[in-house]
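Q: I am new to this structure and would like to look closely at a single part of it rather than at everything at once. Could you choose that part, take me through it carefully, and explain each term as you come to it?

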Amino acid sequence: MLYRDFATQEAIDAAYDPMIGRDPAALVADWRARSDAARARHSVSLDLPYGSSLAERLDLYHAEGRKEGERAPLHLFFHGGYWRSLGHREFGFIVDDLVAAGISVGVVNYALCPTVRFAEIVRQARAAVAWAYRHAAEEGCDPASISVSGHSAGGHLGGMLLATDWEGDYGLPADPIRGALCVSGLYDLGPFPWSWLQPKLRLGGRDVAEFSPAFLPCRVAAKVSLVAGGEESGEFARQMMDYATHLSEQGIEVEQAVLPGDDHFSILEHYLDGGPLAATVKGFHA
């Protein structure tokens, strides 16, 4: 077997390629158009640098309805794209409910494989959180009220943020994140060296061991919410449940849910219109 009960690449690809049956060009074009509209609607600071490379940028959508001098909670969103595609400009559309609730939202960009090694993407995600903590106040945000969420590859990065030694490696408080929402995340990288993604990701055995949240200690005592779609491949729910068990065994407060009727992409709509993903983020800051 290549991975668990999977004997062939074709079987792994069928379970882990959510674009099968979808039109990727139309999907991304819709996200871009809606994100352009969101940037026109909201007060947003574009391409704030959180690191020295050109890819290390985020768009900060500023909270609405805050009194003068009042610091807003800050939420960081990490996009999907299987670590090898897309960027922050496609995902501004998820912010509407959160900024209306008085939460500032940073939509984070990061470099992609194979331009950079997988480890560099993880480093950049961590750098974004460190920057947010250190610069929150000057952006009108509260450094003691930071949460994160991520979709797909971004859900994986959320797990890696929970596995970070913030105090020892960054000189931050041990728990700089109040809550983490991981949506359709990948927590065990084991299938991907055997998949169609490998020419882009170039994962070795050491990468799988070092960057699979399902096998790493959770170092952040945050509230964690894990979500998958009922219309996704069963592997997404299985990975979610295994990761939830891993966290619970370490005493981490974790909720998990499968949202019926949602596939890997429609699930993002639940950031909007009072949906459960927006409600979860708001709950982190209640």
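A: The account below follows the sheet and the parts that touch it.

The model is predicted, so to speak, by computation rather than taken from an experiment, and for that reason local features need pLDDT of at least 70 and side-chain atom pairs count only at pLDDT 80 or more, while totals for chains, interfaces and linings use all residues. Residues are numbered from 1 along each chain as its sequence is written, and side-chain values use heavy atoms, with hydrogens and water left out.

The sheet is open and is built from eight strands in the order 1-2-4-3-5-6-7-8, with mixed pairing. Here strands (E, at least two residues) and helices (H or I, at least four) are DSSP runs, numbered from the N terminus, and two strands count as paired if DSSP finds at least two bridges between them. Strands of a sheet pair through backbone hydrogen bonds, either parallel or antiparallel. Strand 1 and strand 8 (254-259) stand at the edges, and because each has a single partner strand, one side of each is left without a neighbour in the sheet. From one strand to the next, the twist averages 20°.

Moving inward to strand 6 (residues 179-183), one finds that five of its five residues are buried, so strand 6 is largely enclosed by the rest of the structure. Buried means under 20% relative accessible area, exposed means over 50%, and partly exposed lies in between (1.4 Å probe, protein chains only). In a regular strand the side chains alternate between the two faces of the sheet. Strand 6 is covered on both faces, with Gly 179, Leu 181 and Val 183 buried on one side and Ala 180 and Cys 182 buried on the other.

Strand 6 pairs with strand 5 in the parallel sense over five bridges, and Gly 150 stands opposite Cys 182 of strand 6. Strand 6 is also joined to strand 7 by five bridges, again running parallel; Gly 179 has Lys 223 of strand 7 as its bridge partner, and Val 183 has Val 227. Strand 7 is mostly covered as well, with six of its seven residues buried. Strand 7 (residues 223-229) in turn runs parallel to strand 8, to which six bridges join it, among them those that set Ala 228 against Val 258 and Gly 229 against Leu 259.

Helices lie against the sheet too. Helix 4 (residues 118-135) lies across strand 1, strand 2 (57-61), strand 3 (72-78), strand 4 (104-108) and strand 5 (141-151), running at about 170° to strand 3, where axes are lines fitted to C-alpha atoms, for helices over the stretch in contact, and angles run from 0 to 180 degrees between N-to-C directions. Strand 7 and strand 8 are among the elements that cover the buried residues of helix 9, as are helix 1 (9-16) and helix 5 (153-162). Those buried residues of helix 9 include Phe 236, Met 240, Tyr 243 and Leu 247.

In strand 4 lies Ser 104, which counts as buried because its relative accessible area is 2%. Its contacts (heavy atoms within 4.5 Å) include Leu 60, Tyr 61, Pro 73, Leu 74 and Cys 141, not counting residues up to four places away in sequence. The C-alpha atom of Ser 104 is separated by 8.0 Å from that of Glu 64, although the two residues are 40 apart along the chain.

Glu 64 itself has its place in the loop between strand 2 and strand 3 and is partly exposed, with a relative accessible area of 34%. The side chain of Glu 64 makes a polar contact of 2.9 Å with that of His 42, a polar contact being a pair of N or O atoms within 3.5 Å; within protein, one must be able to donate a hydrogen and the other to accept it, and residues adjacent in sequence count only if both atoms are side-chain atoms. His 42 sits in the loop between helix 2 (24-41) and strand 1 (44-49), and at 11% relative accessibility His 42 counts as buried. Tyr 61, Val 95, Asp 96 and Val 99 are among the other residues that His 42 touches, not counting residues up to four places away in sequence.
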